[in-house]
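Q: I am new to this structure. Can you walk me through how to read its side-chain links?

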Amino acid sequence: MNNKIEYVLVDLDGTLIETDLANNMAYKEAIGVCAYKREVFIDVNGPRITRADITKIYGENEKAENIIRTKESIFYKYLPLTSLITSTMALLLQYRNSNKKLILVTNCKSKRAVELLEYYDIDSMFYAQFYNDCGNKYTKVLTEYNISPQNAMLIENEESQIRNAIMAGISIKNIIKVQG
């Protein structure tokens with residue numbers, strides 16, 4: 001482990017907590033609650049449904065926004081369908097015990113992230129929680145907390161987000177890719 005590392009940045013969905021089934025179930029219910037015709041079959045055990053998928057299906061309009069808002073408001077019902085990724089949790093405990101500052105860095109809406117962290121009673125383990133709404137979340141968190149990329153380690157599951165971290169200046173040798 002690099003001794004210069006002061007901060008460990010960790011993603012939430014699929015990295016720290018497996019949320020795909022809960023996410024997809026909440027979207028399926030939200031579409032039904034909003035009484036919109038299902039233009040696609042939603043396989044709740046299939047690939048993760050995203051906000052981008054909903055806007056692709058329904059367009060960038062109030063209908064899509066209503067589905068997304070409804071999904072966020074009912075997600076709590078599906079918390080029992082999530083699971084803590086124990087290998088990531090073990091890494092975080094190791095880093096925290098070696099006095100690294102843990103920062104949650106997610107594109108997840110803050111309400112849902114807080115629900116998940118509280119459900120697993122891990123909200124207090126983070127030095128900070130950073131919620132991103134657009135753009136490169138790693139560039140933003142490094143800037144906001146005045147963190148040198150050389151002093152940061154990353155735990156992430158998505159290739160696109162790993163590329164964003166590298167573009168933000170985090171060395172590939174300081175990135176741990178996990179399988180969600």
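A: Start with a group of charged residues. In this predicted model, salt bridges link Asp-13, Asp-20, Arg-48, Lys-71, Glu-72 and Arg-112 in a network.

Q: How do I read a salt bridge, and which side chains of that network could I look at, with what N to O distance?

A: Look for a side-chain nitrogen of Lys or Arg within 4 Å of a carboxyl oxygen of Asp or Glu. Lys-71 and Glu-72 make such a pair, at 3.1 Å from N to O.

Q: Is Lys-71 buried or exposed? And how does Glu-72 count?

A: The cut-off for buried is under 20% relative accessible area. Lys-71 has 2%, so this residue is buried. Glu-72 has 9% relative accessibility and therefore counts as buried too.

Q: How many salt bridges does the structure hold?

A: The count is twelve. One of them joins the side chains of Lys-140 and Asp-133, with an N to O distance of 3.9 Å.

Q: How do Lys-140 and Asp-133 read for exposure?

A: Use the cut-offs again: exposed is over 50%, and partly exposed lies between that and buried. Lys-140 comes out at 31%, so this lysine is partly exposed. Asp-133 comes out at 68%, so this aspartate is exposed.

Q: Which residue meets Glu-156 in a salt bridge?

A: Lys-137 does, and the N to O distance is 3.6 Å. Now place the partners. Lys-137 lies in helix α6, residues 137-144, while Glu-156 lies in strand β6, residues 152-156. The pair therefore ties together parts that are 19 residues apart in sequence.

Q: Are Lys-137 and Glu-156 buried or exposed?

A: Lys-137 is buried, with a relative accessible area of 1%. Glu-156 is buried as well, at 0%.

Q: Let me turn to cysteines. How many disulfides does the structure hold?

A: Zero. To check this yourself, look for a pair of cysteine sulfur atoms within 2.5 Å.

Q: Why does Cys-34 have no bond to the closest cysteine sulfur?

A: The closest cysteine sulfur is in Cys-108, 19 Å from the sulfur of Cys-34, which is too far for a bond. Cys-34 counts as buried, at 12% relative accessibility.

Q: And which cysteine holds the sulfur closest to that of Cys-108?

A: Cys-134 holds that sulfur. The distance is 15 Å, so a bond is ruled out here too. Cys-108 counts as buried, with 3% relative accessibility.

Technical notes: Residues are numbered from 1 along each chain as its sequence is written. This is a predicted model: local features need pLDDT of at least 70, side-chain atom pairs count only at pLDDT 80 or more; totals for chains, interfaces and linings use all residues. Side-chain values use heavy atoms; hydrogens and water are left out. Buried means under 20% relative accessible area, exposed over 50%, partly exposed in between (1.4 Å probe, protein chains only). Helices (H or I, at least four residues) and strands (E, at least two) are DSSP runs, numbered from the N terminus.
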